[in-house]
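Here is a quick walk through one model, written for someone who would rather look at contacts and confidence than at a cartoon. Have the viewer open as you read.

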Amino acid sequence: VILLSARAGEEAQAAGLDAGADDYLVKPFAARELLVRVRSNLELARIRREAADQLREEARRLALLNSTGAAIAAELDLERLVQIVTDAAVELTGAKFGAFFYNVEDDRGESYMLYTLSGAPREAFASFPMPRNSKVFEPTFRGAGGVRSDDITLDPRYGQSPPHFGQPKGHLPVRCWNGKCRSSF
């Protein structure tokens, strides 16, 4: 709201702004000044909306972290505890699905077991092999550290290991691995 008034002076302007106007313009005014003020006020309104949206999202995330922390503190069953964390990670990242794999080494030193899954049915993983000791995941299997990638397909080590040279055909669209994901992790 831009208040256009013939009343000039600081007191009149303060009364107009106190009444709820976003801006106060005294007549006579130049059309260019009105356009600049409208544009400026619209931009400020957009910034305020974005800031309010960010605050709401931050409050939602903090509430989720708080409730997840309380659930973790109360949970004694390891599988249920890991499921709670996996569900929270999917919600916090906005991922379509998330999976937690447990490292169970076979005689070749390369086997992961699907432990928890969130956002996708277990059947979606049933016909596909688990992650294995490929070049991209080698640091994880060796115990040297995790792999974080917003788009695993862009990692230079990705797709270099047989037999799939990347994801198996028909596999869920995993692009993000333990990173800031927007589709899956």
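What follows goes from the overall picture to the helices, the salt bridges and one strand residue.

## Overall picture and confidence

First things first: this is a predicted model. The chain has a mean pLDDT of 79, with 72% of its residues at 70 or more. Confidence isn't spread evenly: helix α2 comes out highest, with a mean of 93, while helix α5 (residues 138-142) sits lowest, at 68. There's also a stretch to treat separately, residues 179-185, where the pLDDT is below 50. That stretch still has 32 contacts in the model beyond near neighbours in sequence.

As for the layout, the chain holds five helices and four strands, and they run in the order β-α-β-α-α-β-β-α-α. Of the 185 residues, 31% are buried. Taking the contacts with a separation of 6 or more, 45% are between residues 24 or more positions apart. The accessible surface adds up to about 12,200 Å², and carbon and sulfur atoms own 57% of that.

## Helix α2

Helix α2 covers residues 31-74. How does its end-to-end span agree with what its 44 residues should give? At 1.5 Å a residue the expected figure is 64 Å, and the end C-alpha atoms are indeed 64 Å apart.

Which residues of α2 are buried? The list is Asn41, Leu64 and Thr68. The buried residues of α2 pack against β1, β2 (23-26) and α3.

## Helix α3

Helix α3 takes up residues 78-93. Its 16 residues reach 22 Å from first C-alpha to last, close to the 22 Å expected at 1.5 Å a residue. Right after α3 comes Gly94, with a positive phi near 75°.

The buried set in α3 mixes side-chain types: Val82, Gln83, Ile84, Thr86, Ala88, Val90, Leu92 and Thr93.

## Salt bridges along and between helices

Searching the whole structure turns up eight salt bridges. One of them joins Glu43 and Arg46, whose closest N and O atoms are 2.3 Å apart. The two residues are three places apart in α2, which puts about one helical turn between them. An α-helix has 3.6 residues a turn, so residues three or four places apart point the same way. Both ends of this bridge are partly exposed: Glu43 has a relative accessible area of 36%, and Arg46 has 31%.

Further along α2, Glu57 and Arg60 form a salt bridge of 2.7 Å, N to O. Here too the partners lie three residues apart in the helix, about one turn. Glu57 is partly exposed at 30% relative accessibility, and Arg60 is partly exposed at 31%. Arg60 also has a salt bridge to Glu91, at 3.1 Å from N to O. What does that second bridge tie together? Arg60 is in α2 and Glu91 is in α3, so the pair links parts that are 31 residues apart in sequence. Glu91 is partly exposed as well, with a relative accessibility of 42%. Zoom out a little and these residues belong to a network of salt bridges that links Glu57, Arg60, Arg61 and Glu91.

## Ser5 in the first strand

Now for a residue in a strand. Ser5 is part of β1, which spans residues 2-5. Is Ser5 buried or exposed? Its relative accessibility is 12%, and because the cut-off for buried is under 20%, Ser5 counts as buried.

Who does Ser5 touch? Beyond its neighbours within four places in sequence, Ser5 is in contact with Tyr24, Leu25, Val26 and Lys27. With Tyr24 there is also a polar contact, 3.2 Å between the two side chains.

## Putting it together

If you're picking spots to look at in the viewer, α2 is a sensible place to start: its mean confidence is the highest in the chain, and its buried residues pack against β1, β2 and α3. From there, follow Arg60 across to Glu91 in α3, then visit Ser5 in β1 and its polar contact with Tyr24. Keep the pLDDT below 50 over residues 179-185 in mind when you reach that stretch.

Conventions:
Residues are numbered from 1 along each chain as its sequence is written. This is a predicted model: local features need pLDDT of at least 70, side-chain atom pairs count only at pLDDT 80 or more; totals for chains, interfaces and linings use all residues. Side-chain values use heavy atoms; hydrogens and water are left out. Buried means under 20% relative accessible area, exposed over 50%, partly exposed in between (1.4 Å probe, protein chains only). A polar contact is a pair of N or O atoms within 3.5 Å; within protein, one must be able to donate a hydrogen and the other to accept it, and residues adjacent in sequence count only if both atoms are side-chain atoms. Contact means heavy atoms within 4.5 Å. A salt bridge is a side-chain nitrogen of Lys or Arg within 4 Å of a carboxyl oxygen of Asp or Glu. The expected span of a helix is 1.5 Å times one less than its number of residues. pLDDT is the predictor's confidence in each residue, from 0 to 100. Accessible areas come from the Shrake-Rupley method with a 1.4 Å probe; for residues, only the protein chains shown count as cover.
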